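Here's a quick briefing to read alongside the model. Have the sequence and the 3D view open, and follow the topics in turn.

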Amino acid sequence: MGGQSDAERELLARVPTGLLIAGEWRDSSTGRRLEVLDPSTEQVLLSIADATVDDGDAALAAAHAAQRDWGRTAPRERAEILRRAFEAVTARADDFALLMTLEMGKPLAESRGEVAYGAEFLRWFSEETARISGRFATAPDGRSRLMVTKRPVGPSLFITPWNFPLAMATRKIAPAIAAGCTMVLKPAAQTPLTALLFAQVLQEAGLPAGVLNVVPTSTAGAVTAPLIADSRLRKLSFTGSTEVGRRLIAAAADQVLRVSMELGGNAPLLVFEDADLDRAVEGALLAKFRNNGEACTAANRILVHESVAPEFTARLVERMREFTLARGTEPGTRIGPLVDAATRDKVAELVAEAEAEGAAVAIGGRARDGAGFYYEPTVLTGVPAGARILREEIFGPVAPVQTFADEAEAIALANDTEFGLVAYAFTRDLNRGLRLAEELEVGMFGLNTGIVSNPAAPFGGVKQSGLGREGGFEGIDEYLETRYIGIADPYA
């Protein structure tokens, strides 16, 4: 625990370290523990309960037992729980921000931004809870009446990633609470502490026992596979890699589970010859380096018109010279450590391969020696078509720059991927922007902006970037089933 401040130690002492099952914090059934590391020092932050297969089964049993009563809870009551949770998370923003920085590594300013973003899902869905509705109509032939109602899908399993520890939890939990679904949450092993603290906040906000159960584990596949195969489970929501998502979709087919999949991305960022270059550079910095570059929405490929590529790249590099690479708690830090050694090593491998194939390093290009999983903010130019760094998610602070000659080539390059989560483009031509919105094969599109995520908007992708949407009016529908009731003609 050396190197920690008094504030960090005091916060960690207040984080629950057990599993939350049926409203109780408990040890693992075998007593095994999971160590959570600080990626900036590689030292242990906390040791927490490490869920087993039996613990997972107990969590699902608790969710199943609570579903009937919870599903019948008045919408206003569910809404008030979400509103109180929003207010509590907002009041404890400093705690959540610091905890995320400690376990994930991002700069404190980024963590504060995530708290505001993550909390907004609680407020948004608190307001949507009372608006769940159906319809009543006369059949076209006049011989019957048609009533359509919405009901909760039922017990849901959430598997969340490590890169946004709070927002990925609230983005799933908030609509499930609004719809009346019970839940089992399996947070990422690298960053489970934020989820545990949030679960405690939900308890304090009045969420009944068994509605949310939290089972961090070092053996995710072993714990979740039996749950996905269990007939008591009715919904699976996963955020993570496409490779894992494919396996989960296949496993979910046996029980015909409702699935939501927010999977990998390979986002292009297009800069046209008529773009405002200052705005384009600022947008690229946000789209690429937000969250240390560890985001599925990160700009994985920077595509720049050949006439402005030299100036754009020079401006981008100049701005990046101001970046401070340090522990996320240090004032002025712009890039923190990556989450673990495997993530850092993959980034280094992708850069080395690109260099070997002819790419040039304009800035950065190295892992830092010593403790912590640090990698320098990097710009690559002259990256050859077909390079692995253009095909796979980098998930680190590396920006490969390519050039294009015209709009048709830009669209072709942007769409040349199996992924389709998000794209960004910078142009002053409104008609071009509208054409791009129709031609780019993505679920989300940022025009003259480097950030598209918003709790009031539907988040999700096409192609192998996933199924379903989170956020917006559409987000609550993922947790509702439609029921039709045919009623005999009352005049017959």
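Two strands count as paired if DSSP finds at least two bridges between them. S14 (residues 360-363) and S15 (residues 378-381) qualify, with three bridges joining them in an antiparallel arrangement. Bear in mind that this is a predicted model. The sheet these strands belong to comes up next, followed by the helix on it, the salt bridges and a few buried residues.

**The sheet**

- Seven strands make up an open sheet with mixed pairing, running in the order S14-S15-S16-S13-S12-S18-S19.
- Its edges are S14 and S19 (444-447), each of which pairs on one side only.
- On average, neighbouring strands here are turned by 25° against each other, ignoring direction.
- In the antiparallel S14-S15 pair, Val-361 sits opposite Leu-380 of S15.
- Leu-380 also stands opposite Pro-400 in S16, and S15 and S16 (residues 398-404) are parallel, paired over four bridges.
- Next along, S13 (residues 299-305) runs parallel to S16 with four bridges between them, and His-305 faces Phe-404 of S16 across that pairing.

**S18, H14 and S19**

- What is the bridge partner of Tyr-424 in S19? That would be Gly-446, in a parallel pairing of S18 and S19 that has four bridges.
- Going from S18 through H14 to S19, the chain makes a right-handed β-α-β crossover.
- S19 has two faces: Met-444 and Gly-446 are on the covered one, while Phe-445 and Leu-447 are on the uncovered one.
- That fits a general pattern, since side chains in a regular strand alternate between the two faces of the sheet.
- Back to the seven-strand sheet, in which S13 and S16 are joined by four bridges: H14 (residues 430-439) packs on this sheet, touching S12 (267-271), S18 (422-426) and S19, and its direction makes about 165° with that of S19.

**Salt bridges**

- The count comes to 37 salt bridges.
- Glu-470 and Arg-171 form one of them, with their closest N and O atoms 2.9 Å apart.
- This pair links distant parts of the chain, 299 residues apart: Glu-470 is in the loop between S21 (466-467) and H15 (472-477), and Arg-171 is in H6 (residues 167-179).
- Are these two partners buried or exposed? Glu-470 is buried because its relative accessibility is 6%, and Arg-171 is buried because its value is 2%.
- Glu-282 and Arg-319 also meet through their side chains, at 3.0 Å from N to O.
- Glu-282 is in H10 (residues 277-289) and Arg-319 in H11 (residues 309-320), so this salt bridge ties together parts that are 37 residues apart in sequence.
- Both ends of that bridge are partly exposed, Glu-282 at 32% relative accessibility and Arg-319 at 28%.
- Arg-14 and Glu-10 have a salt bridge at 2.5 Å, N to O; Arg-14 is partly exposed at 30% relative accessible area, as is Glu-10 at 41%.
- There's also a salt-bridge network that links Glu-273, Asp-274, Glu-407, Arg-432 and Arg-435.

**Buried residues and cysteines**

- Glu-8, in H1 (residues 6-13), is buried, with a relative accessible area of 5%.
- Leaving aside neighbours within four places in sequence, Glu-8 is in contact with Leu-98, Leu-102, Arg-327 and Thr-329.
- How many disulfides turn up in the whole structure? The search finds zero.
- Cys-181 is buried at 0% relative accessible area, and Cys-296 is buried at 12%.

Methods: Residues numbered from 1 in each chain as written. Predicted model: local features only at pLDDT ≥ 70, side-chain atom pairs only at ≥ 80, totals over all residues. Heavy atoms only, no water. Buried < 20%, exposed > 50% of the residue type's maximum accessible area, 1.4 Å probe, protein only. Contact = heavy atoms within 4.5 Å. Disulfide = S-S within 2.5 Å. Axes fitted to C-alpha atoms, helices over the stretch in contact; angles between N-to-C directions. Right-handed = clockwise from strand over helix to strand, strands pointing away. Salt bridge = Lys/Arg side-chain N within 4 Å of Asp/Glu carboxyl O.
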